[in-house]
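Here are a few exercises to work through with the structure in view. Try each task yourself before you read its solution.

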Amino acid sequence: MARVAAARRGGPPPGLVGGRAAAAGWSRPEPGGEVQYCAELVRKRDYEGFLCSLLLPVESRTSAFALRAFNVELAQIKDSITQKTTGLMRMQFWRDAVEGIYCDNPPHQPIATELWRAVKRHNLTKMWFMKIIDEREKNLDDRAYRNIQELEKYAENTQSALLYLTLEMLGVRDVHADHAASHIGKAQGIVTCLRATPYHCTRQKVFLPMDVCMLARSFSKQVPVKAYPAFFCTVALDDYLCNVRKVDFNIFHPSLQRKSALLPLHLYIRSWKKIY
């Protein structure tokens, strides 16, 4: 929607390249290993995103791993720091990295290298990367969302932005697909917040507004089939919400913290049926 209207550990801090980066705990993979680095990071830290990326067309898959790895790096920053200043430095590294990518001068970092290739391959919009960084940076304050609108804005600028970029990787530029991406991204952000509540148990609860999920599905008949792979993340959302109902909406139930053994099968069936 926003695309039509307008057109969190994250790598070494600025200056930490070569030997200094290695000394800080970051090392460059073997030449040509950037794709494997990104895929493995996503597999470990965003398993559902990893499965969804595997269902994308082969020409978009490596770019999707790079995009997901970028998101993982930013998402990890908040939980890996003890001082906000450190988080701001890492966010600035990625802001500078994106600037370098669009100037054909990416830093020597595997995710940045693969993102540069993805940008060249699919002509991705720089604005969405910057929105993700800016919103993640604002979230470093580690405070509860004041209202559902604030949470939706955060989800729009992070999860929905990821979906807009995924649509671009698929070659889809369609108003109905954008509308679906906006609402699905918001639903995904809200569900992610719920799922993280046991981990962040000192935070205020945020209740899931079901109208957001229903509105996302209402676009499905208008969204081009080519865009469907970008929205397979809804399968994981359905899976979680179904399991929440089974435990009487107790989001602290231990079973909700385990990976779903049936998720790969559910994803495959949706992919085979060409629905989301």
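**Exercise 1.** How many aromatic pairs does the structure hold?

*Solution.* Before counting, a word on the ground rules: this is a predicted model, where local features need pLDDT of at least 70 and side-chain atom pairs count only at pLDDT 80 or more, while totals for chains, interfaces and linings use all residues. Residues are numbered from 1 along each chain as its sequence is written, and side-chain values use heavy atoms, with hydrogens and water left out.

Now the rule for a pair: rings of Phe, Tyr and Trp (its six-membered ring) pair if their centres lie within 6.5 Å; planes under 30 degrees apart are called stacked, over 60 edge-to-face, and the rest tilted. By that rule, the structure holds six aromatic pairs.

**Exercise 2.** Work out which kind of pair Phe93 and Trp94 make.

*Solution.* Start with the centres, which are 5.2 Å apart. Next, the planes meet at 85°, so this pair is edge-to-face.

Then check the surroundings. Buried means under 20% relative accessible area, exposed over 50%, and partly exposed in between (1.4 Å probe, protein chains only). Phe93 has 6% relative accessibility, so Phe93 is buried; Trp94, at 0%, is buried too. Finally, look for company: Phe70, Phe93, Trp94, Tyr102 and Phe129 form one aromatic cluster.

**Exercise 3.** Do the same for Trp128 and Tyr164: which kind of pair are they?

*Solution.* Here the ring centres are 4.6 Å apart and the planes lie at 45°, so call this pair tilted. Now place the partners. Helices (H or I, at least four residues) are DSSP runs, numbered from the N terminus. Trp128 is in helix 8 (residues 126-138) and Tyr164 in helix 9 (residues 148-169), so the pair, 36 residues apart, links distant parts of the chain. Both partners are buried: Trp128 has 1% relative accessibility and Tyr164 has 0%.

**Exercise 4.** Is Glu114 buried or exposed, and what does Glu114 contact beyond its neighbours within four places in sequence?

*Solution.* First find Glu114 in helix 7 (residues 110-122). Its relative accessibility is 2%, so Glu114 counts as buried. For contacts (heavy atoms within 4.5 Å), leave out those sequence neighbours and you get Glu34, Val35, Cys38, Thr62 and Ala66.

Val35 turns up again with Pro110, another residue of helix 7. Pro110 is buried at 1% relative accessibility. Pro110 and Val35 are 75 residues apart in sequence, yet 7.8 Å apart in space, C-alpha to C-alpha.

Key:
Helix = DSSP H or I, 4+ residues; strand = E, 2+ residues; numbered from the N terminus.
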